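Thanks for passing this one along. Here are my notes, in the order I'd go through them with the viewer open.

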Amino acid sequence: MMDPTRAILGTYGQVFIDGTWQTNINHLEASVEVEKRELKLAGSEWTQHKLGAKKGTGTMSGYKVTSDMISRGFAKFNIINKLSDPEAYGFERIQLTNCVADKLQLANWTAGEEVAEETAFTFEGYVLLDPIKAN
């Protein structure tokens, strides 16, 4: 049976861009999609699949505090995602490599409201640096 205290809350997530903790980021999403080629083989009634190229995409968002993302432009950077919770079995760190912003948000504000900043990006690889393992 699952111990509910072991469920991880995103409250303790951290984003590091090229080693610098981005304290203003409060949302990160990243996923990898694989291209599959269908193979129809003689003597089999099942379609087989051959794995092809992978594509990494993601989005990070939070409060605008500096002009860092605008200054970075479309230069490549690395992200380290750290997900932890004091009651969890441990923490997980995943490095996303060769990230590039899809577009730069130059302005998006409304008087009297906090300015949010969202950056969609692609990446070309990942490394599971620290996995979470149940005891």
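1. Let me start with a quick orientation question: in which strand is N98 found? The answer is β6, which covers residues 91–101. Bear in mind throughout that this is a predicted model. Have a look at the backbone at this spot, since phi of N98 is near 55°, a positive value in a residue other than glycine. As for cover, N98 comes out as partly exposed because its relative accessibility is 32%, between the 20% and 50% cut-offs.

2. Now the overall layout. The protein chain has one helix and eight strands, and going along the sequence they come in the pattern β-β-β-β-α-β-β-β-β. So much for the topology string; the contacts say something about how the chain is put together. Of those with a separation of 6 or more, 65% are between residues 24 or more positions apart.

3. On dimensions, the radius of gyration of the protein chain is 19 Å, whereas a compact globule of 135 residues would be near 14 Å. Along the principal axes, the C-alpha atoms fill a box of roughly 65 × 40 × 25 Å. Worth keeping both figures in mind if you set up a box of your own.

4. Surface and charge next. The accessible surface of the protein chain is about 9700 Å², with 52% of that area belonging to carbon and sulfur atoms. Buried residues account for 21% of the 135 residues. In terms of charge, there are 18 negative and 14 positive side chains, and the centres of these two sets are 8 Å apart.

5. Q22 deserves a closer look. You'll find Q22 in the loop between β2 (20–21) and β3 (25–40). Is Q22 buried or exposed? Q22 counts as buried, because its relative accessible area of 13% is under the 20% cut-off. A polar atom of the Q22 side chain lies 2.9 Å from the backbone oxygen of T20. Beyond its neighbours within four places in sequence, Q22 is in contact with V15, I17 and D68. The C-alpha atoms of Q22 and G62 are separated by 9.3 Å, with their positions 40 residues apart along the chain.

6. Then there is D18, another residue with an unusual sign to check. Phi of D18 is near 45°, and this is a positive value in a residue other than glycine. D18 sits in the loop between β1 (14–17) and β2. With a relative accessibility of 45%, D18 is classed as partly exposed, because that value falls between 20% and 50%.

7. What joins the side chains of D18 and R72? A polar contact of 3.3 Å does. R72 lies in helix α1, residues 68–72, so the pair links a loop residue to a helix residue. Setting aside neighbours within four places in sequence, R72 is in contact with I17 and F77 as well as D18.

8. Last, S61, which is found in strand β4 (residues 47–63). S61 counts as buried because its relative accessibility is 14%, under the 20% limit. Which residues does S61 touch, not counting those up to four places away in sequence? They are I25, N26, H27, E117 and E118.

How values were computed. Residues are numbered from 1 along each chain as its sequence is written. This is a predicted model: local features need pLDDT of at least 70, side-chain atom pairs count only at pLDDT 80 or more; totals for chains, interfaces and linings use all residues. Side-chain values use heavy atoms; hydrogens and water are left out. Helices (H or I, at least four residues) and strands (E, at least two) are DSSP runs, numbered from the N terminus. Buried means under 20% relative accessible area, exposed over 50%, partly exposed in between (1.4 Å probe, protein chains only). Contact means heavy atoms within 4.5 Å. A polar contact is a pair of N or O atoms within 3.5 Å; within protein, one must be able to donate a hydrogen and the other to accept it, and residues adjacent in sequence count only if both atoms are side-chain atoms. The radius of gyration is taken over C-alpha atoms; the globule rule is 2.2 Å times the number of residues to the power 0.38. Accessible areas come from the Shrake-Rupley method with a 1.4 Å probe; for residues, only the protein chains shown count as cover. Lys and Arg count as positive and Asp and Glu as negative; His and the chain ends are not counted. The place of a charge is taken as NZ of Lys, CZ of Arg, CG of Asp or CD of Glu.
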